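Before any biochemical interpretation is attempted, it helps to read the fold element by element. The report below follows that path, from the strands to the helices and then to a pocket.

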Amino acid sequence: MIASLSGTVLKVGLDSVVVGVGGVGMLVHTTPATATSVRLGQPTELATSLVVREDSLTLYGFATDDEKHVFETVQTVSGVGPRLALAVLAVHSPDAVRVALGTGDLVALTKVPGIGKKGAERMVLELKDKLGALPGSAGRVDPVHLDSGEAWREQVREALVGLGWTARQADDALDKVAPLAADGAGVSALLRAALQELGR
């Protein structure tokens, strides 16, 4: 099992990076947010999960061990494979996943491409107590703290572009959800709101 990788970033895609380790370029599938957090030619370290199939060995990489834990736990639900588990983390932070599962928030879960109402219900049923305690004292509080100033805008914009929308579409959605940021909404809540705008 390859549990982590340390090396130089050789290539960056929308949802993957190639990390040079001991003369070998390792292709690692990631969320758009993780892909945008690394820099070409710079050293990086990723927590990784190796998925073994009859015809392939696929490596998935994460910025934190917590993301990796959520990725692997979500796959214990029948019908959820690595691609869908990665999509969950592309839309929600690990703590946002915990909040959605712990409070039975099907709307948040169905924001993930590929998860319908029945799939979301199955996830809540099977994972409600598997991912640990909800963050904070109140389950409904958005777990991702807003960074100072306009940093949220860049984070959400990168995530939206990584999920396939154009920069212009992303900026239009950001303008519409900006009032939520002024009210203190966290990054994951702003990303959900922007996805709702783009889905109209």
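Strands are counted here as DSSP runs of at least two residues in state E, numbered from the N terminus, and two strands are said to pair if DSSP finds at least two bridges between them. The model is a predicted one. With those terms in hand, β4 and β5 are joined by a hairpin that passes through two residues.

**The barrel**

Five strands close into a barrel, taken in the order β1-β2-β3-β5-β4, and their pairing is mixed. From one strand to the next, the twist averages 55 degrees. As general background, strands of a sheet pair through backbone hydrogen bonds, in either the parallel or the antiparallel sense. Three of the pairings in this model are set out below, each with an example of residues that face each other across the bridge.

| Strand pair | Sense | Bridges | Example of partners |
|---|---|---|---|
| β1 and β4 | antiparallel | five bridges | S6 and E45 |
| β2 and β3 | antiparallel | six bridges | V18 and L27 |
| β4 and β5 | antiparallel | seven bridges | V52 and L57 |

In sequence, β1 covers residues 4-12, while β2 spans residues 16-21 and β3 spans residues 24-29; β4 covers 43-53 and β5 covers 56-62.

**Helices packed on the sheet**

Helix α2, residues 65-74, packs on the sheet by touching β4 and β5, and its direction makes about 15 degrees with that of β4. The buried residues of α2 include E67, K68, V70, F71, T73 and V74, and the buried residues of this helix pack against α1, β4, β5, α3, α4 and α6. Helix α3, formed by residues 82-91, lies across β3, β4 and β5, running at about 10 degrees to β5.

Is T34, in helix α1, buried or exposed? T34 lies in α1, which is made of residues 32-37, and it counts as buried because its relative accessibility is 4%, where the cut-off for a buried residue is under 20%. Apart from neighbours within four places in sequence, T34 is in contact with L46, G61, F62, A63 and E67; E67 is itself one of the buried residues of α2.

**Helix α4 and the annotated spans**

Helix α4, residues 94-103, is mostly covered, with seven of its ten residues buried. These are P94, A96, V97, R98, V99, A100 and L101, and they pack against α2, α3, α5 (106-109), α6 (117-127) and α9 (187-198). After α4 comes G104, whose phi is positive, near 65 degrees.

According to the unreviewed UniProt entry, the feature "domain: Helix-hairpin-helix DNA-binding motif class" is placed at residues 72-91 and 107-126, and this annotation may be inferred rather than shown by experiment. In the model, the end C-alpha atoms of residues 72-91 lie 16 Å apart, and that span is 65% helix and 0% strand. For residues 107-126 the end C-alpha atoms lie 17 Å apart, and this span is 65% helix and 0% strand.

**The second largest pocket**

The second largest pocket has a volume of about 160 Å³. Its lining consists of D15, T30, T31, P32, R83, L86, A87, A90, P113, G162 and L163. Which helix gives the largest share of the lining of this pocket? That share, four residues, comes from α3, the helix that lies across β3, β4 and β5.

Technical notes. Residues are numbered from 1 along each chain as its sequence is written. This is a predicted model: local features need pLDDT of at least 70, side-chain atom pairs count only at pLDDT 80 or more; totals for chains, interfaces and linings use all residues. Side-chain values use heavy atoms; hydrogens and water are left out. Axes are lines fitted to C-alpha atoms, for helices over the stretch in contact, and angles run from 0 to 180 degrees between N-to-C directions. Contact means heavy atoms within 4.5 Å. Buried means under 20% relative accessible area, exposed over 50%, partly exposed in between (1.4 Å probe, protein chains only). On a 1 Å grid over the protein atoms alone, a cavity is a set of points where a 1.4 Å probe fits but cannot get out, and a pocket is an open set with protein on both sides within 12 Å along at least five of seven lines; lining residues have an atom within 4 Å of a point. Grid points are joined across faces, edges and corners, and a volume is the space filled by probe spheres set on the points.
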